Amino acid sequence: MNCNKFLSLVPENISCKSQVSVKQIYFDDMTSPFYYEDASKQAMINLKFKGMKDNCNFFAEEMAKRFFKQFKNDKFDYIAYVPTTSKRLKERGFNPPYIMAKKFSDIVCIPILEGVFSRDKNSKTQHGLDYSERIKNARDSYIINFDKLPGENFLLIDDICTTGATLNVLSKLLKEKGADKVVCLVGCIGKRQI
């Protein structure tokens, strides 16, 4: 059985950059294999809220397929990933973007740059916040742990993109510390009207 026929695939010719809600975009491109709906939405919910950690590998493999189709001729120095709150890490036992990044790194042979970002211990999770709260929360939640990055071209991995606020803030931080190019890869992306 082909599971993909039940998943809501993002067309390969669509740049997910057009799907985000933020006004000034700092990342250069974004891609995702799936829209956050139907079976892909359920798989992500199972991953994030029901402890189905193996779904991380599935999403990472699909992200790698999309990466090879869209960016096979581009050079990237490192992979960075979105950190989670310590509270979520304790509750869940794992950070989905990190697990995805690890599997993705193994497939595409691009190293992960560990410890790029930290998350303020008092920050809220983005889940459940409205648009303006997400933007403010993302702006106030993350710290970059480098004065100067060792590479110029980065892949930034997250499990899901709804407004793009988190990825945009982290992309801005990467660029402020010397990144020239930031491409975001996410397991699922919320569908927006273009």
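## Strand E8 and its partners

Start with tyrosine 35: its bridge partner in E8 is isoleucine 189. That pair belongs to the contact between E3 and E8, which line up in the parallel sense over 2 bridges. Keep in mind that this is a predicted model.

E8 has other neighbours too. E2 runs parallel to E8, with 3 bridges joining them; here methionine 30 has cysteine 184 of E8 as its bridge partner. E7 also pairs with E8 in the parallel sense, this time over 8 bridges, and phenylalanine 154 is matched with valine 182 of E8. As for solvent, E8 is mostly covered, with 8 of its 9 residues buried.

## Helix H2 against its surroundings

Next up is H2, which covers residues 55-71. Its 17 residues take it 23 Å from the first C-alpha to the last, close to the 24 Å you'd expect at 1.5 Å a residue.

Which residues of H2 are buried? They are Asn55, Cys56, Phe59, Ala60, Glu62, Met63, Ala64, Arg66, Phe67 and Phe71, so the list takes in Glu62 and Arg66 alongside three phenylalanines. What do the buried residues of H2 pack against? On the strand side, the answer is E2 (29-31), E3 (34-37), E7 (153-161) and E8 (181-189). On the helix side, it's H1 and H4 (96-108).

## Helix H1

H1 spans residues 38-49. At 1.5 Å a residue, its 12 residues should stretch over 16 Å, and the end C-alpha atoms are indeed 16 Å apart, so the two figures agree. After H1 comes glycine 51, which has a positive phi, near 70°.

The buried residues in H1 are Ser40, Ala43, Met44, Asn46, Leu47 and Lys48.

## Where H1 and H2 cross

The axes of H1 and H2 come within 9 Å and cross at roughly 135°. That angle makes H1 oblique to H2; the antiparallel label would need an angle over 145 degrees.

Who touches whom? From H1, the residues are Ser40, Ala43, Met44, Asn46 and Leu47, and they meet Asn55, Cys56 and Phe59 of H2. Sorted by type, the contact has 5 nonpolar residues, 3 polar ones and no charged ones. The burial lists tie in nicely: Ser40, Ala43, Met44, Asn46 and Leu47 are buried in H1, and Asn55, Cys56 and Phe59 are buried in H2.

Key:
Residues are numbered from 1 along each chain as its sequence is written. This is a predicted model: local features need pLDDT of at least 70, side-chain atom pairs count only at pLDDT 80 or more; totals for chains, interfaces and linings use all residues. Side-chain values use heavy atoms; hydrogens and water are left out. Axes are lines fitted to C-alpha atoms, for helices over the stretch in contact, and angles run from 0 to 180 degrees between N-to-C directions. Helices (H or I, at least four residues) and strands (E, at least two) are DSSP runs, numbered from the N terminus. Angles under 35 degrees count as roughly parallel, over 145 as roughly antiparallel, 65 to 115 as roughly perpendicular and the rest as oblique. Contact means heavy atoms within 4.5 Å. Ala, Val, Leu, Ile, Met, Phe, Trp, Tyr, Cys and Pro count as nonpolar, Asp, Glu, Lys and Arg as charged, and the others, Gly among them, as polar. The expected span of a helix is 1.5 Å times one less than its number of residues. Buried means under 20% relative accessible area, exposed over 50%, partly exposed in between (1.4 Å probe, protein chains only). Two strands pair if DSSP finds at least two bridges between them.
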